[in-house]
Amino acid sequence: MTEAQIILAHSRESGIVAIASGERYAWAHTALAESGFQRDDEGVWHLPADSTQTTVVDLVTCAKRHRTSVQMSSRRFIGDAARDLARLLPGQWHASVEIYSHPAWQEDLVPWIWDSGELGRAVQTERIPYAALLTDAVQRTALLFIERPGSQLDYLVGAFSPEGLEGGYGDPHAPRSIVLPPVAGRAAQALTGRYLPAYEQAVHARQTAAIAAVLGDIRCEHDTWQAMNASGRYSDATPLSAAALGAATELFLDHAWRRFLTVVDHAPALLDRCRPASSPWPDDAAALSRLADAVIDAETLVDEIVHGGFVPEQERRARAWPAIETWLTDGETFLRQTRISAPHRRPALPVAAPAHPLTAARPAHRGP
């Protein structure tokens, strides 16, 4: 691949569009600007509506002067494809274009892609100068939509790490990306019928695992603190003064609270899915109610800390501990219930969804 490249495509709404790529992408920017192209907020260059075909010919000549190659894409503009798809998805989806002109920008995607399939491998091994981001603000879902490498027609779609559970690279709970056909209706059906249910189940499993890990960590530290408190000594048998024990207690409570915020973030949605009456343990309902009340108390404390002004540390520790203790006591009940529950399904598309062609949402476009 050349150090600087211009990729041209046709957009249904904008006509000829261009994307700069390569380590010397600034050369491509110069050629595009000198040829009359204008760049929008997403980093896509547009040929003004009053331009003629000779402007493209002039671009090729100008690009050569700036050591930049020009390539005409065989596909329509990916922004049009993504918007056609987003319009057919149930909910409030938005499509935006992502430009990764410099290869290093694409590398920044790797830690944030939550995928165990082809898209995750493609982001790591194939050059992807642009993509589209599909976002559903209501469900807090962000998907990456790219042209499938090696294919003239198909697309790939996969997920970014869920909000609050960043760092999804290599996560065993990650869903598998799927191939989408170049027909918007069929692509929307595949996305809503196959991918999103699998994605939501994966989010459910990952949230459950995150809470289990947090409770395990807090319980381990609590056991250590209890042993110190009972013996009056550090773990190496060194005598523990009253002042040191007080400091250790405060340190434990502070660490426990910071970890417990993961429970506060993710437990409400999981609790809402639990149906103890239809489970093998119907008597778990009382424990789940206590856990829900404890989360509400913690949410109130968080809201006061964030929006209500200063909360003294001693007060915060005193109010936080009962909620944490409740979860240490009944957490296993929650985990066994949520592990057999399932996320609420999104509305499915009808089989006869419109079959429009796909033609004319973490790291965003960067560059001067």
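Is glutamate 250 buried, exposed or partly exposed? Glutamate 250 is partly exposed, with a relative accessible area of 34%. Keep that residue in mind, since we'll come back to its partners after a walk through the rest of the chain. One thing to know before we start: what you're looking at is a predicted model.

Let's begin with the overall layout. The domain assignment splits the protein into domain 1 (5-58 + 67-74), domain 2 (80-182) and domain 3 (202-341). Take domain 1 and domain 2 as a pair: their centres, taken over C-alpha atoms, sit 24 Å apart. Where the two meet, 16 residues of domain 1 are in contact with 14 residues of domain 2.

How much surface goes into that meeting? The size of an interface is often given as the accessible area lost when the parts come together. For domain 1 and domain 2 the buried area is about 1,200 Å², and carbon and sulfur atoms give 48% of it. On the domain 1 side, the residues that lose the most area to domain 2 are Arg12, Ile19 and Glu42, which together make up 38% of what that side buries.

Now for the polar side of this interface. The rule finds eight residue pairs in polar contact across it, both residues being at pLDDT 80 or more. The elements giving two or more residues to the side of domain 1 that touches domain 2 are strand E1 (5-11), strand E2 (15-21) and strand E5 (69-76). Sort that side by class and you get five nonpolar, seven polar and four charged residues.

Side chains of opposite charge can pair when their charged atoms come close. Across the interface of domain 1 and domain 2, the rule finds one salt bridge. Look at aspartate 84 and arginine 12: they form a salt bridge whose closest N and O atoms are 2.9 Å apart. Aspartate 84 also meets the side chain of arginine 87 in a salt bridge, at 2.4 Å from N to O. Why are these two within reach of each other along the chain? They are three residues apart in helix H3 (residues 78-88), so about one helical turn separates them. Their surroundings are worth a look too: aspartate 84 counts as buried at 8% relative accessibility, while arginine 87 is exposed, with a relative accessible area of 53%.

The structure holds 18 salt bridges, so there are others to visit. Go along to glutamate 221 and arginine 259, which form one with their closest N and O atoms 3.2 Å apart. Glutamate 221 belongs to helix H6 (residues 184-231) and arginine 259 to helix H7 (residues 242-273), so this pair ties together parts that are 38 residues apart in sequence. Glutamate 221 is partly exposed at 25% relative accessibility, and arginine 259 is partly exposed at 29%.

That brings us back to glutamate 250. Arginine 317 forms a salt bridge with glutamate 250, and the closest N and O atoms are 3.8 Å apart. Arginine 317 lies in helix H9 (residues 313-338) and glutamate 250 in helix H7, so the pair ties together parts that are 67 residues apart in sequence. Arginine 317 counts as buried at 7% relative accessibility, whereas glutamate 250 is partly exposed. Nor do they stand alone: Glu250, Asp254, Glu313, Arg316 and Arg317 are linked in a network of salt bridges.

Key
Residues are numbered from 1 along each chain as its sequence is written. This is a predicted model: local features need pLDDT of at least 70, side-chain atom pairs count only at pLDDT 80 or more; totals for chains, interfaces and linings use all residues. Side-chain values use heavy atoms; hydrogens and water are left out. Domain bounds come from an automatic or database domain assignment. Contact means heavy atoms within 4.5 Å. Buried area is the accessible area (1.4 Å probe) that two parts lose on being put together, summed over both. A salt bridge is a side-chain nitrogen of Lys or Arg within 4 Å of a carboxyl oxygen of Asp or Glu. A polar contact is a pair of N or O atoms within 3.5 Å; within protein, one must be able to donate a hydrogen and the other to accept it, and residues adjacent in sequence count only if both atoms are side-chain atoms. Helices (H or I, at least four residues) and strands (E, at least two) are DSSP runs, numbered from the N terminus. Ala, Val, Leu, Ile, Met, Phe, Trp, Tyr, Cys and Pro count as nonpolar, Asp, Glu, Lys and Arg as charged, and the others, Gly among them, as polar. Buried means under 20% relative accessible area, exposed over 50%, partly exposed in between (1.4 Å probe, protein chains only).
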